[in-house]
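Colleague: Thanks for sending this over. Could you take a close look at one part of the model for me, and then lead me from there through the rest?

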Amino acid sequence: MTGTAALAAPDDESRWQRLHPATLALAVVALGPKSLNFLPAVAALGFTGNWIWIVPAIGAFLLISLLAAWFQWLCFRFLVGDDEVVIESGVFARQHRTIPFDRIQDVSIEQGLVARALGIAKVGFETGAGGKENDASLNAIALEAAQALRTTIRAHRSGEAAVVAADAPDAPDAAPGPEDRLLFAMNSGRLLTAGLFNFSLAALAVVGAAMQFFDGLLPFDFNIFNPMDWIDIAESYGLDQWLLAHRWVAGIGAALSLLLIGFASGIAMMVFANWDFRLTREPRALRRTRGLTTRTDVAVPVKRVQAAILVTGWLRRRFGWHELRLQSLASDGEKERDHQVVPFGKLAEIDPVLDEIAIARPGAEAAWQRSHHIVALGGLVGAVCAAAVGLVAVSFGQPLGWLGPLAGLLFGAGSLFGARFHRWTDLGEQVAIRRGMWKPKTTLLPHASVQSIDLKSDFILRPLGLATLVFGVPGGSSLAAHEIPAIPVATAQALRTRILAARARR
């Protein structure tokens, strides 16, 4: 929570600090994306024949942008007090903000590629006041000072004396407190294994689009996605007739190329996102650090965790690999609403992390109950539609229309088979929900995290005596809502009563 405080006394002027001078270097880097907004003006000068003004216009744009960045840097300063952080900013309209240490829920440290090269970091203060506009940040301070500031705030919130002065620019890196423990880490071998299971053809689409878009600009006339180019190469070596007689070789080569691109892109994405992944237990939070080009340091307050979500795949599961995400009141940025605390690990490695947040996986003795097979109705309707469209195409003389009934048969069988994976069980203090055939997901939802329970029924479920329970959990999840579909109404009402009664006793 932020507020307005009196300006610092004159004898405190020496304690005010400015952002690192490298902030100006970051401003220069940021001019790249901003310059795209200036391109229409440059194009207008060219179309009107005023070519002579293009270079001066670009120079003026750069000069004005750098002066603006310099004025912003000059007018921004901050002060780290005994129990608060004070920030003054603004060129024309001055803003004075005071953030007490007690109101800071988390201190995050983030380093981009340029920031890492310059030895600086962005420090973000999450106040929990609701909305990003109520948080604050220091865009560029020395990494050592950022770590010292985090240590100071942690020590204050833990009731301990700060051992490092946060306003010392040359403060050494603070050692982990006695209660800090390493819970999970990923070495290069684990990253390679995870990347192989993270097979993705997204890079294939990017490479194909780039080859098509820049085909006229390349110094050679060859497109790996054009079969005629490969035939031309084969003709130049006298292999065209051999390839025509052994087309299976070309098929195997194409499959191997797709696999190579898919595996390479999966490994690259895993390395860039989770390089040097470390999850540690602090007195109040789980702290996650990761990233190769952009290094992030994020804390997940234990008391703000609402649910745990185990995700795997049909192939990963057979090798015992799982991913653990935590749904929390503290969001993990705009791109990731859940906190990924174990990207790729065994259940034996995940269980200690769950113990830290007082959530347990169901044991082998858990009595799982299934949803009604009516949950497959949506897939069956889609299968019937696909078959009908295919038959209509056949009636118009299109032989390929027979693919419609075939696809409908496969979709229908998959829907009926997938309905078997909608399961749930009540463990007394929490509800476990399983669903998914190709990408199984298990949600572990403590009763205490449930804010509301909606019992829903419709014209299909009501005649069958069924209802769907939808759990309202604060924080929101990127992996869809938490619900138990198509269970008997009496069972749904009893479960809702137990959860609400458990909350009332707290």
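In which sense do E15 and strand E16 pair, and over how many bridges?

Modeller: Happy to, with the reminder that this is a predicted model. Strand E16 covers residues 430-435, and its pairing with E15 is antiparallel, over four bridges. The two strands make a hairpin, with three residues between them. Gly-428 sits in that turn and has a positive phi of about 95 degrees. To find the register by eye, start from Trp-424, which stands opposite Ile-433 in E16. Trp-424 also helps with the next pairing, as it is the bridge partner of Gln-369. That pairing is between strand E14 (residues 369-370) and E15 (residues 423-426), which run antiparallel and are joined by two bridges. With E14 on one hand and E16 on the other, E15 is a good place to start.

From there, let me take you to the seven-stranded sheet. Its order is E6-E5-E4-E10-E9-E8-E7; the sheet is open and the pairing antiparallel. At its edges stand strand E6 (136-142) and strand E7 (181-185), and since each has a single partner strand, one side of each is left without a neighbour in the sheet. On average, neighbouring strands are turned by 20 degrees against each other, direction ignored. Helix H12 (residues 347-356) packs on this sheet, where it touches E7, strand E8 (278-281) and strand E9 (285-290). The direction of H12 makes about 135 degrees with that of E7.

Strand E4 is a handy guide to the register in the sheet. Residues 106-111 make up E4, which pairs with strand E10 (residues 295-301) in the antiparallel sense over three bridges. Two of the partners are easy to pick out: Glu-110 is matched with Thr-296 in E10, and Ile-109 with Asp-297. E4 also pairs with strand E5 (residues 120-126), again antiparallel, over five bridges. There, Ser-108 faces Gly-124 in E5.

Now for the charged side chains. The structure holds eleven salt bridges, and two of them bring us back to H12. One is formed by the side chains of Arg-190 and Glu-349, at 3.0 Å from N to O. Arg-190 lies in helix H6 (residues 188-197) and Glu-349 in helix H12, so this pair ties together parts that are 159 residues apart in sequence. How accessible are the two partners? Arg-190 has a relative accessible area of 17% and is buried, whereas Glu-349, at 25%, is partly exposed.

The other salt bridge joins Glu-356 to Arg-281, with the closest N and O atoms 2.9 Å apart. Here Glu-356 comes from helix H12 and Arg-281 from strand E8, so parts 75 residues apart in sequence are tied together. Arg-281 counts as buried because its relative accessibility is 13%, and the cut-off for buried is under 20%. The side chains of Arg-281 and Glu-356 are also joined by a polar contact of 2.9 Å.

A third salt bridge pairs Glu-282 with Arg-287, whose closest N and O atoms are 2.6 Å apart. Both partners are buried: Glu-282 has 7% relative accessibility and Arg-287 has 5%. This pair belongs to a network of salt bridges that links Arg-150, Glu-282, Arg-287 and Asp-297. You have already met Asp-297, as the bridge partner of Ile-109 in the sheet.

Finally, the nonpolar interior. The largest nonpolar core has 28 residues, and those with the most contacts inside it are Leu-286, Leu-324, Leu-326 and Ile-357. Two or more residues each come from E7, H6, helix H10 (247-274), strand E11 (305-311), strand E12 (322-328), strand E13 (339-345) and H12. If you centre your view on Leu-286, its contacts beyond four places in sequence include Leu-183, Leu-279, Val-298, Val-300, Leu-326, Val-353 and Ile-357. Among the contacts of Leu-286 are also Arg-281 and Glu-356, the two residues of the salt bridge between E8 and H12. There is also a second, separate core of 23 residues, which includes Phe-125, Leu-138, Ala-145 and Ala-146.

Key:
Residues are numbered from 1 along each chain as its sequence is written. This is a predicted model: local features need pLDDT of at least 70, side-chain atom pairs count only at pLDDT 80 or more; totals for chains, interfaces and linings use all residues. Side-chain values use heavy atoms; hydrogens and water are left out. Two strands pair if DSSP finds at least two bridges between them. Axes are lines fitted to C-alpha atoms, for helices over the stretch in contact, and angles run from 0 to 180 degrees between N-to-C directions. Contact means heavy atoms within 4.5 Å. A salt bridge is a side-chain nitrogen of Lys or Arg within 4 Å of a carboxyl oxygen of Asp or Glu. Buried means under 20% relative accessible area, exposed over 50%, partly exposed in between (1.4 Å probe, protein chains only). A polar contact is a pair of N or O atoms within 3.5 Å; within protein, one must be able to donate a hydrogen and the other to accept it, and residues adjacent in sequence count only if both atoms are side-chain atoms. A nonpolar core is a set of buried Ala, Val, Leu, Ile, Met, Phe, Trp, Tyr and Cys residues joined through side-chain atoms within 4.5 Å.
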